[in-house]
Amino acid sequence: MKIIKLESTPSTNTYISLHRSDLESPCMIMAREQTAGRGQRGNSWESEPGKNLTFSIYLTPHDFPARNQFFISEAFALGILDALSAIGVDARVKWPNDIYVSDRKLCGILIEHAVMGMNLMHTIAGAGINLNQQRFLSDAPNPVSVWQLKGEETDVEWMALRVAECVGQRLDALFRGADATALHAEYMGSLWRGDGAYYPFRDVAADERFEARIEDVEPLGHLILAGRDGVCRRYAFKEVEFLL
């Protein structure tokens, strides 16, 4: 996978959106500094310049059904887990695809798809991995970095190569027709709070707090939660919150 390094850009996802016609697929755009990095829910992403790995990967899947788009999210997140494992960090995937260590957020992910007809036209998968940042100044509730976990620095460019390799292998296998059932099973086995125990959640629309366990994640990415009463609830992203 080709890696293009930028000194500074508002957002690597936005950069790809503006320069798609000049980019090959797949490729990674990484930036030393993002001045307006974007997270889920429209949030900004705090990242000290030069300290972390902020990047996006551009993909143009060939004849990949749009109904299977969540498999790309699963492969992308698992690829990042593979790269983190290479530096001794045991992390989990927080549904739908952020990366946590214990109850702290190590990596934020933002995946954007463009659909034409029944298939995906292109995908932009962006992430920010907290590597060497020692202090977080924003009001984000629970960030953590590899430096805070291990007390040592990680070479950002070396990590970019590992992420490109690991994510590329996961995506290549998916697009070549690897067993998506096995991929999904691995994703489910890597879920944060996916151990069958009951945890607190909040139904956003009803502003209702309840306890449930993760039952499944559907092919389109909907989360299935089973309450203590055995009743299952189905949520799309942003419809339910994990409570810390």
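Hi everyone. Let me start with a definition: a residue counts as buried when its relative accessible area is under 20%. With that in hand, look at strand β7, residues 119–129, where 9 of the 11 residues are buried. So that you know what you are looking at, this is a predicted model.

Let's stay with β7 and ask what sits beside it. Which strands pair with β7, and in what sense? On the one hand there is β3, residues 53–59, which is joined to β7 by 7 bridges and runs antiparallel to it. If you want a place to put your cursor, take L53, whose bridge partner in β7 is I129. On the other hand there is β6, which pairs with β7 over 10 bridges, again in the antiparallel sense. There you can pick M116, which stands opposite N119 of β7. β6 and β7 form a hairpin with 2 residues between the strands, and G117 has a positive phi near 65 degrees. While you are looking at these strands, one general reminder: side chains in a regular strand alternate between the two faces of the sheet.

Now let's move along the chain to another sheet. This one is open, has 5 strands, and reads β11-β10-β9-β8-β12, with antiparallel pairing. Which strands are at the edges? They are β11, residues 232–235, and β12, each of which pairs on one side only. From one strand to the next, the twist averages 45 degrees.

Let's zoom in on β8, residues 199–203. It is joined to β9, residues 208–217, by 5 bridges, and the two run antiparallel. In that pairing R202 stands opposite R209 of β9. β8 also pairs with β12, residues 240–242, through 3 bridges, and this pairing is antiparallel as well. Two positions in β12 are handy for orientation: V240 is the bridge partner of D203, and F242 stands opposite F201.

β8 and β9 form a hairpin too, with 4 residues between them. In that turn is D207, which is not a glycine but has a positive phi near 50 degrees. Is D207 buried or exposed? Its relative accessibility is 55%, so D207 counts as exposed.

That brings me to the backbone details, which I think this group will enjoy checking. As a baseline, most residues other than glycine have a negative phi, and most peptide bonds are trans. Besides D207, have a look at S102, a residue that is not a glycine and has a positive phi of about 55 degrees. You will find S102 in the loop between β5 and β6. Because its relative accessibility is 57%, S102 counts as exposed.

Which peptide bonds are cis? One of them runs from S25 to P26, with omega near -5 degrees. P26 is in the loop between α1 and β2. Another cis bond joins W95 and P96, with omega about 0 degrees. P96 is in the loop between β4 and β5.

Let's finish with the helices. For two packed helices, the usual description is the angle between their axes together with the distance between the axes. Our central character here is α2, residues 69–85. It packs with α4, residues 156–175, at an angle of about 145 degrees, and the axes are 8 Å apart. The crossing of α2 and α4 is right-handed. On the α2 side the contact includes F71, I72, F76 and I80, and on the α4 side it includes M159, V163, C166 and L171. By class, the contact of α2 with α4 has 15 nonpolar, 1 polar and 3 charged residues.

α2 has another neighbour, α5, residues 180–189. Their axes come within 10 Å and cross at roughly 55 degrees. Why do we call that pair oblique? Angles from 35 up to 65 degrees fall outside the roughly parallel and roughly perpendicular ranges, and α2 and α5 are therefore oblique to each other. This crossing is left-handed. The contact is made by F70, F71, E74, A75 and L78 of α2, together with A180, L183, H184, E186 and Y187 of α5. By class, that contact has 7 nonpolar, 1 polar and 2 charged residues.

If you want something to click on afterwards, try F71: it is among the α2 residues that meet α4, and it is also among those that touch α5. Thanks for listening!

Methods:
Residues are numbered from 1 along each chain as its sequence is written. This is a predicted model: local features need pLDDT of at least 70, side-chain atom pairs count only at pLDDT 80 or more; totals for chains, interfaces and linings use all residues. Side-chain values use heavy atoms; hydrogens and water are left out. Axes are lines fitted to C-alpha atoms, for helices over the stretch in contact, and angles run from 0 to 180 degrees between N-to-C directions. A crossing is left-handed if the near helix is turned anticlockwise from the far one by less than a right angle, and right-handed if clockwise. Contact means heavy atoms within 4.5 Å. Ala, Val, Leu, Ile, Met, Phe, Trp, Tyr, Cys and Pro count as nonpolar, Asp, Glu, Lys and Arg as charged, and the others, Gly among them, as polar. Angles under 35 degrees count as roughly parallel, over 145 as roughly antiparallel, 65 to 115 as roughly perpendicular and the rest as oblique. Two strands pair if DSSP finds at least two bridges between them. Buried means under 20% relative accessible area, exposed over 50%, partly exposed in between (1.4 Å probe, protein chains only).
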